[in-house]
Amino acid sequence: MTRSAKVLRVLGLLAWLALPATGIAQEAATASGAAAPKATYSRKGADTCIACHDDGKTLSIFRTPHAQRSDERTPFGHGNLQCEACHGAGGAHSARIRSGQPRPPIPNFDDESKVPVGVQNDACLACHKGDMRHGWTGSSHERNGLSCAGCHSSHATRDAVLVQARQSEVCYGCHKQQQAEARLPSAHPLQEGKMACTSCHDAHGTIADANLRKTTLNDTCYSCHADKRGPFLWEHAPAAEDCSSCHKPHGSTQPALLTQRAPMLCQQCHSQAGHPSLPVSSSYVAGGPASTYLLGGSCMNCHSQVHGSNHPSGAKLGR
Amino acid sequence: MSQAKAKTLLNPALAAASVFVAAASAPAPAAAPTDVDTSQWECSQCPFTDDGKLASELEVGLGRNSDASAKFGEYSGLDGDGVHGIVGGSWRQSRSDGLAWRAEVSDLGLDTRSLGFSGGRQGSYRLSLRYDELPHNVFDTTATPFENLDSPLALPAGWLRTGNTRTMSTLGTASRC
């Protein structure tokens, strides 16, 4: 090899290394192991795309924050790549083709996309890498191969997952058990649109179990149920330790989302003989008349402050 | 049991309004390759809606409940019987300089009514106001045979102890709201 040929090869290598990543198509090709072709962009940007893709679902992106011309961070900001900012270079896809020749595909973002999920997500995360996505890497959704587009509809005028009243429909697409539990007689007001799954969970990942927004389950519950937080002079230990000792989070057939109905729930721990909730004489044996104190609120007839009491005489959580 | 209604709004404080001003979440700018000539990308066919026109939706509904039910109306506001009128709507406007606002109301006429407003300049600031009511109905037709409800609880004289409420012959006459 001559010296000039070597210099040309080195310059060529340097030039190749200096090329910026020019879109998702190139990344996808690299991820699949194929040689990345040089990406070429369309001649007229979005005008090229709209010439064919003029359906309402596609064009609704112009009613979203992604299409804010005055915001230079958005795909449609001045000088940005418009449709091709996310979908990648569309030069080959929009070029003339011979009759019968298949049109080169352009990456799309949905469950049927042939673009690897990681590459799809990288296109979103290239811009959306703020504090809300800190927990994404290694999160349960990321590890299970969920794509951003699996939940988000970037073209929709109002992304359903960002609307409180409609968000649960998106989550229920996968979380069927939680959907069923939310229909039980005692449940949080998800059906009524007064809560969203993200009231308690952060789908982008957190350091807590079940992607809870707060560090612990109790802290998450206290976000709304602040009156149960305390501190109390007389604490009910299981209430302070774990709300799920007595309550189910998504729904229950018992009142107040309890795991069981009182007194059975309370008697899992409290079973001292002689207490009115247990037989105290031969006339109260099994099959006989139950204690009338178990009517109505059962144990809570007397122990009404079951989450804790600040009354000086509230040791039994009765006041 | 008495049919007298004892509707309980456990937490009227849930009807809360919140105000906050926060910087909009700021994604990094979309990086455009420097070797792409976008000077001809006029987006002349793009149907932008930031032209300052007001877009609005209005919904009016009418419904009727055959019976009152606290549980049916929990969180939904439909606890009373009779005819309910429901009004909702949304209004939004955005300009090419990034200023935009949106207002919406829902369930006007019910205890679940909510009103919301958000506006600001994309990428700079956002102001949100929201008022939301959440009725939590525990019961409305409950009754008890207990006397001295403050403490200690006591049953009326002559109370007949039996194994279940069906055979408590004095339960009906002793119960009160």
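**Salt bridges and the interface between chains A and B**

In this predicted model, Arg121(B) forms a salt bridge with Asp97(B), the closest N and O atoms being 3.9 Å apart, where a salt bridge is a side-chain nitrogen of Lys or Arg within 4 Å of a carboxyl oxygen of Asp or Glu. This pair links distant parts of the chain, with Arg121(B) in strand E5 (residues 114-121) and Asp97(B) in the loop between strand E3 (82-94) and E4, 24 residues apart; strands (E, at least two residues) and helices (H or I, at least four) are DSSP runs, numbered from the N terminus. The model is a predicted one, in which local features need pLDDT of at least 70 and side-chain atom pairs count only at pLDDT 80 or more, whereas totals for chains, interfaces and linings use all residues. Residues are numbered from 1 along each chain as its sequence is written, chains are lettered from A and ligands numbered from 1 in the order in which they are written, and side-chain values use heavy atoms, with hydrogens and water left out.

Across the interface of chain A and chain B, 2 salt bridges are found. In one of them, the closest N and O atoms of Lys194(A) and Asp132(B) are 2.5 Å apart, and both residues are buried, that is, under 20% relative accessible area, with exposed set at over 50% and partly exposed in between (1.4 Å probe, protein chains only). Arg158(A) forms a salt bridge with Glu104(B) at 3.3 Å; Arg158(A) is partly exposed at 32% relative accessibility, as is Glu104(B) at 25%. Arg158(A), Arg102(B) and Glu104(B) are linked in a network of salt bridges.
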